[in-house]
Amino acid sequence: VHTDVKPIPNNKEGKQYVSILIPYSIDYWTSKKLFKKVSTNFYNDNKELKEEIQWEKNSFIWWDSTLYHSSSDYKKENIESKQYFIIHTYV
């Protein structure tokens with residue numbers, strides 16, 4: 001469980017704004033069946049689970065970069081790896 005708050009690249013001033021995750025494939029396959037086994041989870045400040053968003057092919061998930069989040073336990077689902085794009089924005 002973590003946030004995306006970290007130093008801004010190139011010593012620029014500002015603050016973290018939005019994180020965007022774009023699921024691409026699961027175990028290098030784009031089968032919709034595999035996507036149903038993976039989610040991104042969101043937590044409150046006490047790190048209690050509040051929301052689970054299932055991955056979907058051809059979609060994106062975005063959130064305030066300061067929110068606690070994690071991946072679901074994809075290893076438990078016998079998934080070896082996830083491929084995705086992540087974008088961190090700053091203002």
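**Working around strand β2**

In this predicted model, β2 and β3 make a hairpin, with 5 residues between the two strands. Lys47, in the turn, has a positive phi of about 60°.

**Exercise 1.** Work out which strands β2 pairs with, and in what direction they run.

*Solution.* Start with the hairpin partner. Strand β3 covers residues 49-54, and 5 bridges tie it to β2 in an antiparallel arrangement. For a landmark on this side, take Phe42, which sits opposite Glu51 of β3. Now go to β5, residues 68-71: 4 bridges link this strand to β2, again running antiparallel. Here the landmark is Thr40, with Ser71 of β5 standing opposite. So β2 counts as paired with β3 and with β5, since two bridges are enough for a pair.

**Exercise 2.** Sort the residues of β2 by the way they point, and decide whether they are buried or exposed.

*Solution.* Strand β2 takes in residues 39-43. Put Ser39, Asn41 and Tyr43 in one group, as they point one way; Thr40 and Phe42 go in the other group, pointing the other way. Next, check the cover: 5 of the 5 residues in β2 are buried, which means under 20% relative accessible area. Both groups are therefore buried, whichever way they point.

**Exercise 3.** Find out what Asn44 does in the loop between β2 and β3.

*Solution.* First place Asn44: this residue lies in that loop. Then look at its side chain, where a polar atom is 2.9 Å from the backbone nitrogen of Asn46. Finally, look beyond residues up to four places away in sequence: there, Asn44 touches Lys50 and Tyr68.

Key
Residues are numbered from 1 along each chain as its sequence is written. This is a predicted model: local features need pLDDT of at least 70, side-chain atom pairs count only at pLDDT 80 or more; totals for chains, interfaces and linings use all residues. Side-chain values use heavy atoms; hydrogens and water are left out. Buried means under 20% relative accessible area, exposed over 50%, partly exposed in between (1.4 Å probe, protein chains only). A polar contact is a pair of N or O atoms within 3.5 Å; within protein, one must be able to donate a hydrogen and the other to accept it, and residues adjacent in sequence count only if both atoms are side-chain atoms. Contact means heavy atoms within 4.5 Å.
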